[in-house]
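Let's walk through this protein one piece at a time. Have the model open and turn it as you read.

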Amino acid sequence: MTKTLPAPSPRDGVTNHNPVDIHVGKRIREARVLVGFSQTQLAEAMQITFQQVQKYERGANRVSASRLWDMA
């Protein structure tokens, strides 16, 4: 009888985020810091929550082309 391990929880530090999403998130963070914006300031300018900005920067959520355009 084979036992299967439970799926890792998000708190275990194991992610299955797409490497491209992680790269895009890092570039968003770089650009934000370069212009001197906090996550809150960027979120307000984009009319989203700062939590959403955090998710974009971590690569947890994919950033659409229209959002990238708004950020630019």
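Start with the face of helix H1 that points away from its buried side: there you'll find the exposed residues Pro19, Val20, Lys26, Glu30 and Leu34. Keep in mind as you look that this is a predicted model. H1 itself covers residues 19-35. It has 17 residues and runs 25 Å from its first C-alpha to its last, close to the 24 Å expected at 1.5 Å a residue.

Now roll the helix over. Which residues of H1 are buried? They are Asp21, Gly25, Ile28 and Arg32. These residues cover an arc of only 60° around the axis, so they sit on the same side of H1. As for what lies on top of them, the cover includes helix H2 (39-46), helix H3 (50-58) and helix H4 (65-71).

That brings in the rest of the fold. The protein has four helices and zero strands, and reading along the sequence gives the pattern α-α-α-α. Of the 72 residues in the protein, 19% are buried. If you take the contacts between residues at least 6 apart in sequence, 48% of them join residues at least 24 apart. On the outside, the accessible surface comes to about 5900 Å², with carbon and sulfur atoms accounting for 55% of it.

Back to the exposed face of H1 for a moment, and to two of its residues. Leu34 is exposed, with a relative accessible area of 76%. Together with Val35 and Phe37, Leu34 forms a nonpolar patch on the surface, and the accessible area of the three adds up to about 340 Å².

Glu30 is the other one to pick out. Its relative accessible area is 51%, which makes Glu30 exposed because the cut-off for that is over 50%. Glu30 forms a salt bridge with Arg27, with the closest N and O atoms 3.7 Å apart. Arg27 is partly exposed, at a relative accessible area of 48%. Why do these two sit about one helical turn from each other? Because Glu30 and Arg27 are three residues apart in helix H1.

The structure holds four salt bridges, and some of the others take you across to H3. In that helix, Val53, Tyr56 and Glu57 are buried. Looking down the axis of H3, you'd see its buried residues fall within an arc of 95°, so they line one face of the helix. What do the buried residues of H3 pack against? Their partners are H1, H2 and H4.

Glu57 deserves a closer look. At 9% relative accessibility, Glu57 counts as buried, yet its side chain is charged and paired up. One partner is Arg32, which meets Glu57 in a salt bridge at 2.6 Å, N to O. Arg32 lies in helix H1 and Glu57 in helix H3, so this pair ties together parts that are 25 residues apart in sequence. Arg32 is buried too, with a relative accessible area of 8%.

The side chain of Glu57 also meets that of Arg29 in a salt bridge (3.4 Å, N to O). Here again the pair joins helix H3, home of Glu57, to helix H1, home of Arg29, so parts 28 residues apart in sequence are tied together. Arg29 counts as partly exposed, at 43% relative accessibility. Put the pairs together and you have Arg29, Arg32 and Glu57 linked in a network of salt bridges.

Follow the chain out of H3 and you reach Gly59, whose phi is positive, near 85°. Gly59 lies in the loop between H3 and H4. Is Gly59 buried or exposed? It is buried, with a relative accessible area of 2%.

So what does Gly59 touch, leaving aside its neighbours within four places in sequence? Its contacts are His17, Asp21 and Ile22. The C-alpha atoms of Gly59 and His17 are separated by 6.1 Å, although the two residues are 42 apart along the chain. Asp21 is also one of the buried residues of H1, which brings you back round to the helix where the tour began.

Terms used. Residues are numbered from 1 along each chain as its sequence is written. This is a predicted model: local features need pLDDT of at least 70, side-chain atom pairs count only at pLDDT 80 or more; totals for chains, interfaces and linings use all residues. Side-chain values use heavy atoms; hydrogens and water are left out. Buried means under 20% relative accessible area, exposed over 50%, partly exposed in between (1.4 Å probe, protein chains only). Contact means heavy atoms within 4.5 Å. Accessible areas come from the Shrake-Rupley method with a 1.4 Å probe; for residues, only the protein chains shown count as cover. Patches are made of residues with over 30% relative accessible area and no salt bridge: like charges are joined within 9 Å, nonpolar side chains (Val, Leu, Ile, Met, Phe, Trp, Tyr) within 5 Å. The expected span of a helix is 1.5 Å times one less than its number of residues. The arc is that of the directions from the helix axis to the C-beta atoms.
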